[in-house]
Each structure stands twice: as structure tokens, then as C-alpha cells.
Amino acid sequence: MRLLLVEDNVALADELLPLFKGYGYAVDWRVDGRDALLAVHDESYDMVVLDLGLPGLDGLQVLQHWRAEGVTLPVLILTARDAWAERLEGLRAGADDYLSKPFHPDELLLRVQAVLRRSHGTVNSPRLEAGGLALDEDRQSVWQGDQEYELTRGEFRLLRCFMLHPGKVLSRMELNEHLYDGESERDSNVLEVHISRLRRKLGDPVIETRRSQGYRFQK
């Protein structure tokens, strides 16, 4: 999954970027509200973690602009503003969740996980289930029946993306945009390598190749 972090506190961003990446998310970072306003049109994101007190354009205004433009991307507001009225204002503007600073990193990760699952119509539980598999996001492993398979970071990110879109054909471009930070990763054969490894662990039928279209994860 690909996240957009909009946060002008450099010290906090320096903590959050490795936190998200360690949990299997690709992350882009913006510090200015005006840059964030345009960023969602330039890249394919699955979710935004948005601060309110931003230079250039306030985070609440950014969110209001997005919703007015029809951008339905899930948004979690992360801010030092903890007054109840401001919480309501953010939720009314179209935020999916609201977390006040200071916060515990584990709570942030769980809230991001919950928002992403709700946005894909899945239940909020420690495991993501689809296609006869159960993905443990905390352990970054997958269960197939009684057998648990450890996953590399790349395998975990790819399988999570597939399991959030069961039965949908995902093009190579879509997968690369949602999974990887750098252009070198997007342009290499790393995607095919991860798919091959997942098939060896879980069986070939788990991920179907659709010629000239992409890949499809079984329901």
C-alpha cells in the first residue's frame, strides 16, 4: 500500500517514514499544503496521513478541496489540535479518522490498518483473509490452513495488496505504483521475482497471470 504523509514537523516525519516503511508501506512525504493538494493527482495513493497546521495551505482546507474535487482517498488526520470542535470539523470535512498528538506509534499503525481495511470493505481484525489465506500483518506472515509461511518485506507488501483486491486484475503498473518508492524498483523485474516466490510458497493457482493485462489474486 502507498501512503502520502503530509507533515511539516521534520523531526516527526523522520520518525514516521521508517516506521511506515518497516511495516510494509511505500511512503511519499510532503510538508506544504499546496504540494499535498496536487500530489494526489500525480501519484496513486491508498491513503493520506494529514497534519492540519501546514504552511501554504491549512490541512483542513486541503481536505475540503479534495472532497470538493471528488477525491475519495481515505484520510487520517494527525494533529496537535485536540479540541472536540476541531475533531468534528475534520470529520465533517471528510476525514476517515482523527488522531491527536502526541500518540503511540502502534496506535497510529493500527488506525492506518483499520482505515485501509474499511476502505476495501474488509473486517477489522489482526488478520486479513482472502482466497483461503490469512495474512498476519503484525507478524508479516501468511497462514494457509495450518501452515504458516514467513514473508520477506517485498512478498508481504505484494500479497497484502492482492488480498485487499481479491478477484481484481491488477496491472503491473498499478502494482508498481502502489508498492514501490523508487523508480529503480518500479523499472526492474522485482515484481516478477516476488510473484514467483509467493507461488512457490503458496501454490501457482494463488496468483493468476492474465496475458497483456496483469495479475489476478484468487477469491
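How do the residues of the lining of the largest pocket divide into nonpolar, polar and charged? In this predicted model, the lining comprises five nonpolar, four polar and three charged residues. The pocket itself has a volume of about 200 Å³. Its walls are formed by Y45, D46, P74, S119, H120, C161, H165, K168, L170, E174, L175 and H178. Among the secondary-structure elements, helix α7, which spans residues 172–179, gives the most to this lining, with three residues.

A look at enclosed space comes next. When the whole structure is searched, one cavity of 30 Å³ or more is found. The largest cavity holds about 30 Å³ of space, and the residues that line it are Y25, Q113, L116, R117, E137, R160 and L164. Here helix α5 (residues 105–119) is the element that gives the most, with three residues. By class, the lining of the largest cavity has three nonpolar residues, one polar residue and three charged residues.

Helix packing offers two pairs worth walking through. The first to be described involves helix α2 (residues 33–42) and helix α3 (residues 59–68), whose axes are 9 Å apart and which pack at an angle of about 25°. Because angles under 35 degrees count as roughly parallel, α2 is therefore roughly parallel to α3. The crossing of these two helices, α2 and α3, is right-handed. On the α2 side, the contact is made by G33, A36, L37 and V40, and on the α3 side by V62, H65 and W66. This contact of α2 with α3 includes five nonpolar and two polar residues, with no charged residues.

The other pair brings together helix α6 (residues 153–163) and helix α9 (residues 190–202). How do their axes cross, and within what distance do they come? The axes of α6 and α9 cross at roughly 80° and come within 9 Å. An angle in the range 65 to 115 degrees counts as roughly perpendicular, so α6 is roughly perpendicular to α9. From α6, the residues G154, E155, L158, L159 and F162 take part, meeting L191, H194, I195, R197, L198, K201 and L202 of α9. In this contact of α6 with α9, the residues divide into seven nonpolar, two polar and three charged.

Finally, the backbone has two local features to point out, and both are found in loops. K101 and P102 are joined by a cis peptide bond, with omega at about -5°. P102 belongs to the loop between β5 (97–100) and α5, and α5 is also the helix that gives the most to the lining of the largest cavity. The other feature concerns Q140, which is not a glycine and yet has a positive phi of about 55°. Where does Q140 lie? Q140 is in the loop between β7 (133–136) and β8 (141–144).

How values were computed. Residues are numbered from 1 along each chain as its sequence is written. This is a predicted model: local features need pLDDT of at least 70, side-chain atom pairs count only at pLDDT 80 or more; totals for chains, interfaces and linings use all residues. Side-chain values use heavy atoms; hydrogens and water are left out. Axes are lines fitted to C-alpha atoms, for helices over the stretch in contact, and angles run from 0 to 180 degrees between N-to-C directions. Helices (H or I, at least four residues) and strands (E, at least two) are DSSP runs, numbered from the N terminus. Angles under 35 degrees count as roughly parallel, over 145 as roughly antiparallel, 65 to 115 as roughly perpendicular and the rest as oblique. A crossing is left-handed if the near helix is turned anticlockwise from the far one by less than a right angle, and right-handed if clockwise. Contact means heavy atoms within 4.5 Å. Ala, Val, Leu, Ile, Met, Phe, Trp, Tyr, Cys and Pro count as nonpolar, Asp, Glu, Lys and Arg as charged, and the others, Gly among them, as polar. On a 1 Å grid over the protein atoms alone, a cavity is a set of points where a 1.4 Å probe fits but cannot get out, and a pocket is an open set with protein on both sides within 12 Å along at least five of seven lines; lining residues have an atom within 4 Å of a point. Grid points are joined across faces, edges and corners, and a volume is the space filled by probe spheres set on the points.
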